[in-house]
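Please find below some notes on this model, set out as numbered points. They go from the whole chain to a pair of helices and then to single residues.

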Amino acid sequence: ALSLLIPLAIWLIPANAVFTVQIRWFAVWTCWMLLVVAFDLLVPFIPAFLMPVMYYITGVAPSNVCFSGWTATIVFVIVGAFVLAEALTDCGLLTRIATWVIIRTGGTVNGSIWGCFIVGIILCAVTFSNAYVVMAAFTYGVIQALGVKMKSKEAAVLIMASAAGVLSSRFFVYAPSVILMLQTGASSVVPGYEILWYRFLLHNLPTALFLVFFVFLLTKIYKTKEADAENCKAHFEEKYRSLGPISSKEKKAAVLLVILMLLLVTGPFTGISTDIGFLIIPMLMFFPGLRIADESCLKRVDMGMIFFIVSCVGIGAVGGTLGVGQILSAQIAPLLQGRSVVVTLLSLLLFGTIANLP
């Protein structure tokens with residue numbers, strides 16, 4: 001009901017010189033799309049597809065602006081990152097890495113919790129924040145191997161530790177789907193603005209300490225060290241043996257992954273755009289002579305999420321055309337004027353959190 005009532009309430013607000021008809025329709029369709037996706041009322045593909053269409057039909061902006069998300073480099077970079085994650089999964093490299101880590105830390109509930117946390121961070125780093133589906137399946141396998149019930153506190157902690165590793169590590173791991181969207185929005189205000197990977201890592205790495213403390217706190221609160229569970233080390237040792245020797249596909253994937261990492265690391269110093277690696281290397285995995293992955297993994301790429309990201313990029317473009325950013329700045333800036341740095345930062349954090357809820 002909220003996905004209809006909130007947009008309807010916005011539509012009933014009288015238009016004026018500031019809150020124009022175009023801005024009203026912009027707010028209506030944007031809120032509708034975000035609410036429908038947030039409440040999981042439709043698969044993301046449908047509202048993400050319809051939102052720019054409704055922008056165009058209701059005259060919010062010209063068609064080239066409404067559909068401008070598809071002309072942004074960010075879209076192709078994110079598609080490349082999604083394809084990379086699926087190809088690495090398809091060739092078995094991610095499974096090998098994850099299983100090896102669990103063997104080194106597993107065997108008990110407590111050890112497996114830390115193992116899942118470490119695996120999450122590693123998979124997040126090598127897939128550039130696109131390993132959450134793989135990590136979900138892997139964590140379920142760990143829970144089954146430990147012999148604990150899905151509705152137990154031990155399973156809950158394993159899931160939270162995995163999420164902290166594979167999702168929260170995006171605070172300091174370079175993730176195109178997050179970084180490039182922020183960079184695109186910021187560059188519309190500050191031309192040429194760029195978020196470099198090493199600066200992002202340097203300024204946000206302290207978050208990693210908090211995540212370690214968070215997982216440690218979970219193990220103490222839930223007393224997981226005392227938990228009774230079947231020893232899962234033998235299970236994963238057998239699983240690792242079943243993977244056999246490292247295949248030629250895995251070796252090729254590892255080489256391409258190293259090249260991609262080197263392009264990312266050296267990009268700020270060589271002048272080579274970090275986008276190039278994401279645009280080229282994932283596609284090389286399908287070329288004759290490499291054949292690291294086949295067409296079947298392309299079918300697993302989440303097109304609904306890609307359309308959603310494209311629509312979100314379009315929100316920024318349409319909002320910029322309508323001057324929504326300037327209007328919001330004009331309303332918020334006076335409230336923060338003369339405030340201390342701490343108050344300003346906390347206010348921005350609160351505003352961002354509220355804006356991110358949908």
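1. Accessible areas here come from the Shrake-Rupley method with a 1.4 Å probe. On that basis the protein, which is a predicted model, exposes about 18900 Å², and carbon and sulfur atoms supply 70% of this area. Of its 358 residues, 41% count as buried.

2. As to the overall fold, the protein has 18 helices and zero strands. Its radius of gyration is 23 Å, close to the 21 Å that the globule rule gives for 358 residues, so the protein is as compact as a globular protein of that length. The C-alpha trace spans about 70 × 50 × 40 Å along its principal axes. Among contacts with a separation of 6 or more, residues 24 or more positions apart account for 73%.

3. One helix pair can be described in some detail, namely α6 (residues 93-105) and α13 (residues 233-242), which pack at an angle of about 150° with their axes 9 Å apart. The crossing of α6 and α13 is left-handed. From α6, the residues Thr-95, Arg-96, Thr-99, Trp-100, Ile-102 and Ile-103 take part, and they meet Lys-233, Phe-236, Glu-237, Lys-239 and Tyr-240 in α13. By type, the residues of this contact divide into five nonpolar, two polar and four charged.

4. Two residues other than glycine deserve a look for their backbone, since each has a positive phi: Phe-128, with a value near 55°, and Lys-223, with a value near 50°. Phe-128 is found in the loop between α7 (109-126) and α8 (132-146), while Lys-223 lies in the loop between α12 (206-221) and α13, the latter being a helix of the pair in point 3.

5. Are these two loop residues buried or exposed, or partly exposed? Phe-128 has a relative accessibility of 2% and therefore counts as buried, the cut-off being under 20%. Lys-223, at 47% relative accessibility, counts as partly exposed, because this value falls between the 20% limit for buried and the 50% limit for exposed.

6. Finally, Leu-201 is found in helix α11 (residues 197-204). Its relative accessible area is 30%, and Leu-201 is therefore partly exposed, as this value lies between the 20% and 50% limits. Leu-201 and Ala-1 are 200 residues apart along the chain, and their C-alpha atoms are separated by 41 Å.

Terms used:
Residues numbered from 1 in each chain as written. Predicted model: local features only at pLDDT ≥ 70, side-chain atom pairs only at ≥ 80, totals over all residues. Heavy atoms only, no water. Axes fitted to C-alpha atoms, helices over the stretch in contact; angles between N-to-C directions. Helix = DSSP H or I, 4+ residues; strand = E, 2+ residues; numbered from the N terminus. Left-handed = near helix turned anticlockwise from the far one by under 90°. Contact = heavy atoms within 4.5 Å. Nonpolar A, V, L, I, M, F, W, Y, C, P; charged D, E, K, R; others polar. Buried < 20%, exposed > 50% of the residue type's maximum accessible area, 1.4 Å probe, protein only. Rg over C-alpha atoms; globule rule 2.2 N^0.38 Å.
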